[in-house]
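Trainee: Can we walk through a model together? I'd like to hear the reasoning behind the labels.

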Amino acid sequence: MNELQEGNIVIVGSGLIGRSWAMVFASGGFRVKLYDIVQEQVSTALEDIRKQMEELKKSEMLRGALSMEDQMALISGCTDLKYALHGAQYIQECVPENLDLKRKIFSELDLYVDDSTIISSSTSCLSPTSMFTGLQHVKNCIVAHPVNPPYYVPLVELVPHPQTEMATVERTYNLMKKVGQSPVKLMKEMDGFVLNRLQYAVISEAWRLVQDGVISPRDVDLVMSEGLGMRYAFLGPLETAHLNAEGFKSYCERYGEGIKRVLATFGPVPDFEGEVAEKIDQALWEDVRDKADQLKAGREYRNTCLSHLAKLKKEMKKN
Ligand code: NAI
């Protein structure tokens, strides 16, 4: 991760996720072109990246072995797509979550790229089929779904289109590893991919527990942050089960019946509106007069915690 790498990375869309991706790739030594249709957005993005890097340097949380100045020098902004794509080995699309817009962008990229360029989307929930079908370079297309903010949370879900070549999956996987992310490969498309399917299962049960008057919204969050989440930062649910008995099969033998009994009491899919939404919303605001301040402080706290956790996880990594 300490040397200058061959080939350019192009980020299309310099918003929240585009900026973070730019920092991730620069930390791995890649030259990054940050493209956006709005010039002002590009300038703001570069300024914001510099500020973020300065903060990271100060707190000794900057990723990669290159200096902050060297990393910053690797990132340039532009509003000319054809120019941005010159020499691109990998494109990470980060425009707003709108299928028509994404399809328009991919058909444009399809015209300019050659057979060796990977076209990847950051989409949270659009399927590869809906975005890439019909493109000339469909075999080079893939979803690389990050977790916000990708600089602190390394997971990337790689989701292929049915016509994506295995080589595209492998090259994207290796690139992600090279820049310090943690990629996982989905073997096929699935609505919500995997992270959001797991997340939605948790959110819906949290909702039902609050709805049924079992627990308060603040306490249900504590169950996760002070309980399950402590383990899950290091071990997944399957390995947690494996270690809680004499292996996974032994866990199923011991607890399977109980799990099935409890699961049978889970209610229907919540409607995510009305009284319960109101109750949870109210509980989460500390002071309704300073909503913007609370969100800003909360996000800063989250990012600081995540960066410390990332450092700890690195130190704790199994050999
Ligand atoms: P954002 O709204 O912060 O940024 C979008 C950027 O795209 C803006 O800078 C905008 O000027 C630019 N843009 C719009 N049209 C464009 C065009 N035709 N060509 C080039 N640039 C264009 O959006 P955000 O949050 O960064 O999301 C980007 C993608 O990442 C979405 O698909 C989203 O689902 C996905 N994602 C977002 C996460 C999040 O928590 N925000 C997490 C994981 C994925």
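What follows is a short back-and-forth on a helix, a ligand site and a few single residues.

Mentor: Keep in mind that this is a predicted model. Where do you want to start?

Trainee: With α8. How do you know that the span of helix α8 agrees with its 17 residues?

Mentor: Take 1.5 Å times one less than the number of residues. For the 17 residues of α8, 195-211, that should give 24 Å, and the end C-alpha atoms are 24 Å apart, so the two agree.

Trainee: Which residues of α8 are buried, and what do they pack against?

Mentor: The buried ones are N196, S204, E205, W207, R208 and V210. They pack against β6 (141-146), α9 (217-232) and α12 (275-284). After the helix comes G213, with a positive phi near 70 degrees.

Trainee: What makes S27 count as buried?

Mentor: Buried means under 20% relative accessible area. S27 is at 0%, so it counts as buried. This serine lies in helix α1, and its side chain reaches the backbone oxygen of V24 at 2.6 Å.

Trainee: Then why is S216 called partly exposed?

Mentor: Partly exposed is the range between under 20% and over 50%. S216 has a relative accessible area of 31%, so partly exposed is the right label. You'll find S216 in the loop between α8 and α9. Its side chain reaches the backbone nitrogen of D219 at 3.1 Å. S216 and K279 are 63 residues apart in sequence, with their C-alpha atoms 9.2 Å apart in space.

Trainee: On to the ligand. What makes the approach of K102 to the ligand a polar contact?

Mentor: The cut-off is a pair of N or O atoms within 3.5 Å. A polar side-chain atom of K102 lies 2.5 Å from an oxygen atom of the ligand, so that pair qualifies. The side chain of Q41 has an N or O atom 2.7 Å from a ligand oxygen, and for S124 the distance is 2.8 Å. The protein covers 78% of the 840 Å² of accessible area that the ligand has on its own.

Trainee: Which residues come nearest to the ligand, and which helix supplies the largest share of the shell?

Mentor: Of 24 residues around the ligand, D36, Q41, E97, K102 and S124 come nearest. The largest share of the shell, 3 residues, comes from α5. At least two residues each come from α1 (16-27), α5 (99-112) and β6. By class, the shell divides into 12 nonpolar, 9 polar and 3 charged residues.

Trainee: What about backbone oddities? Where is F193, and is it buried or exposed?

Mentor: F193 sits in the loop between β8 (182-185) and α8. At 2% relative accessibility it falls under the 20% cut-off, so F193 counts as buried. Its phi is positive, about 50 degrees, although it is not a glycine.

Trainee: And why is F272 called partly exposed?

Mentor: Its relative accessible area is 43%, between the 20% and 50% limits, so F272 is partly exposed. Phi of F272 is also positive, near 55 degrees, in a residue other than glycine. F272 is in the loop between α11 (248-263) and α12.

Trainee: Last one: what is omega for the cis peptide bond from N148 to P149?

Mentor: Omega there is near -10 degrees. P149 lies in the loop between β6 and β7 (155-160).

Conventions:
Residues numbered from 1 in each chain as written. Predicted model: local features only at pLDDT ≥ 70, side-chain atom pairs only at ≥ 80, totals over all residues. Heavy atoms only, no water. Helix = DSSP H or I, 4+ residues; strand = E, 2+ residues; numbered from the N terminus. Buried < 20%, exposed > 50% of the residue type's maximum accessible area, 1.4 Å probe, protein only. Contact = heavy atoms within 4.5 Å. Near = heavy atom within 4 Å. Polar contact = N/O pair within 3.5 Å; in protein donor to acceptor, adjacent residues only side chain to side chain. Areas by Shrake-Rupley, 256 points an atom, 1.4 Å probe, with all protein chains shown as cover. Nonpolar A, V, L, I, M, F, W, Y, C, P; charged D, E, K, R; others polar.
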